Amino acid sequence: MVTIMKHEESAATKVRVPLDEEESQAVETLAAPSAEAPAQSDETVGDPFVERAKMSARHVDVFYGEKQAIFDVSLDLGEHEVLALIGPSGCGKSTFLRCLNRMNDIIPECRVEGDLRLDGEDIRTRGMDPVLLRARVGMVFQKPNPFPKSIYDNVAYGPRLHGLAANRSELDEIVATSLKRAGLWGEVKDRLHEAGTGLSGGQQQRLCIARTIAVSPEVILMDEPASALDPIATAVIEELIEELRQNYTIAIVTHSMQQAARVSQRTAYFHLGKLIEVGETDRVFTNPRHPLTENYITGRIG
Amino acid sequence: MVSNMTPTESVKKGLARRYRKERRFRALGLLAVWLGFTFLVILLADITIKALPAFHQTWIKLDVYFDPEVLGFEPGRPIREEALLHADFRGVVRRSLYAMFPQVRKHRDKRKLGALVSSAAQYQVRDLLRAHPDWLGKTVPVWVRADDDVDTYLQSASLQGVAQDHRRLRDNQVAWLRELEKQGRIERRFNWLFFRSADSREPEQAGILGAVVGSFYTLLVTIALAFPLGLAGAVYLEEYAPRSRWVDLIEININNLAAVPSIVFGLLGLAVFINFFGASRSSPLVGGMVLALMTLPTIVIAARAAMKAVPPSIREAALGLGASHTQMVFQHVVPLAMPGILTGTIIGMAQALGETAPLLMVGMVAFIVDIPHSFTDSATVLPVQIYLWADSPERAFVARTSAAILVLLGFLVLMNGAAILLRKRFERKW
């Protein structure tokens, strides 16, 4: 408790801004039972911006009906980097991720405000087709969700949808390349026409990754891709992410701090819908500047 | 805690009571299942036993003399079709009977003797002469159908014991029959005609085919209308409709329509299709449309439930790869929901197959002796045929009613079998 107080004081002395009610409540849940919990700044600690941004978010607010889930988040995704989004459950990191390819559009009561750009292009205007956006910004979900089709058809679905292959042999080529990249080719090359749902959990998740990269997206969003997998399958996925970084920009939500430390170059820490701290992963994990970040990564909360 | 028992002791004490309760519940469940099963067996056995006589027909062998005088044909000259239609073949059939029993003299007895064979025998004999014109002036042995009273008497042991005042056949008729039996002129054969003909006033000529074909056409119209409309409605309501008061109202109405008594749909069909649009009465087209209205809510509700059950992860996967909403719906949601949709559809169709009341209102209850050949021919359907026969006074129609019920049940079993097969075929795991 003492360390928390100390850090919070230092954070509070840096910038002092008036707090709204909700915010002070949020702090209370954290710092209770300490009654004299000092206020903290609204500003993100560290540097959320990079020079070569593939995607950028500015002042993003997300509401589910009346409830606000994300408060004024500004963050860049640098080209060919892996950005890890960490934070306790319900802190809005998945919600933020889903803003990046407008998956929140399909939730009727969800409302997104702010400025979101891909290569400097506003993705929230009418001119940006969500279908095209999702072809450029692919997504891998928490639970492996292969279609109840064959392995081949799973991977070929996206290319067929977007007409990426002119003929059958090109399609075969895309399927093989994607499966190879996802590190699944060796295991499934002899049974491409068996059901994708018959694979093990780890294989299914790699199949989903292969399916995503078959569309050749520019950005891949991963929402806790390893949360349902055992350590061995997780290690395979993590190696895969490292390899994929050469060609893609990746944002990954994870609950595992070790995973974030292993796979990412930059880390963003979310807390109760706010972006608390962003920085080089090494720096954030060795020298967190915000007390909330420190508490989280040292295991005191979360 | 009032008692000073340890937790283990109190659990043990309660355990015996809990197990007794479970055993009682299981015994009750088993009793219910067996009760239901017993009633089913009794019902089926009763129907089958009652239906058996309808599957057999008594035939009588006559030595028919194609008498040129009675028929009014001149031997050696070609017979004109028109003359054939007006010739007295009834007389020919009667005379061949009288010839076998020369002792029968009185007019009244002769009539009784003639009543032993079916009134359709004369047409059978006529068709024979048309096929074999050279038989004119010759005597040929011909098997003809016995009258339904003969059939009923010979097939029912209980009738043979009662006095003649309580049965249709007179004692002298029974004696003639016994004589014919002695001469080997009576035979029981499988009643193919039952499966090959339409309704008739004479039970020995009545068949189920007309009603089966009528049901087929009617259900074809029903499924052709109800399946696409129901599917389209369900897809729209489930996947596209904006949340609004109007959509809520439509949903409530669809759910309520499923519970509307079916005769109301019949009244609606009568008022709208026949009286307003002037569609032909008694036709499978109108009957099918009425049944489609009745089946629609069932299909919509089943299809929506099936689509709701498609996991959201599959929807997200498709959208995440850049499928449009419509592509997601038609490439993933509808195919995955198909087993449920088909099950709902076939349940709806089975319901439509067994429906009588709404069809009475659109005139499908008429007495129709022709097998329908199109959607606008007058027709009747299986359940209505059962209703008509059940209403007929002739004893032989009792058997035919039960036989028709068996046929209807057979079709229902077939449809349910098809539902199971389709469900298995389309079922996918995820």
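Start by selecting B:V212 and then show what surrounds it: B:V212 touches B:L382, B:V407 and B:F411, leaving out residues up to four places away in sequence. A contact here means heavy atoms within 4.5 Å. The model you have open is predicted, so local features need pLDDT of at least 70 and side-chain atom pairs count only at pLDDT 80 or more, while totals for chains, interfaces and linings use all residues. Residues are numbered from 1 along each chain as its sequence is written, chains are lettered from A and ligands numbered from 1 in the order in which they are written, and side-chain values use heavy atoms, with hydrogens and water left out.

Stay on B:V212 and colour by secondary structure. B:V212 sits in helix α11, residues 209-240 of chain B. Helices (H or I, at least four residues) and strands (E, at least two) are DSSP runs, numbered from the N terminus. Is B:V212 buried or exposed? B:V212 counts as buried, at 19% relative accessibility. The cut-offs are under 20% relative accessible area for buried, over 50% for exposed and partly exposed in between, with a 1.4 Å probe and protein chains only. Now add B:W34 and draw a C-alpha to C-alpha distance: B:V212 and B:W34 are 33 Å apart in space and 178 residues apart in sequence.

Next, go to B:T295 in helix α14, residues 284-308 of chain B. B:T295 is buried, at 0% relative accessibility. Which residues does B:T295 contact, leaving aside neighbours within four places in sequence? Select B:T222, B:A226, B:G348, B:M349 and B:A352 to see them.

Time to zoom out to chain B as a whole. Chain B has 19 helices and three strands. Its radius of gyration is 31 Å, well over the 22 Å that the globule rule gives for 430 residues, so chain B is more spread out than a compact globule. That radius is taken over C-alpha atoms, and the rule is 2.2 Å times the number of residues to the power 0.38. Turn the C-alpha trace of chain B along its principal axes and you'll find spans of about 100 × 65 × 35 Å. Of the 430 residues in chain B, 44% are buried.

Last stop: hop over to chain A and pick A:C91, which is buried at 1% relative accessible area. The closest cysteine sulfur is in A:C99, 13 Å from the sulfur of A:C91 and too far for a bond. With a disulfide taken as a pair of cysteine sulfur atoms within 2.5 Å, the count over all chains is zero. While you're in chain A, look up A:C208, also buried, at 3% relative accessibility.
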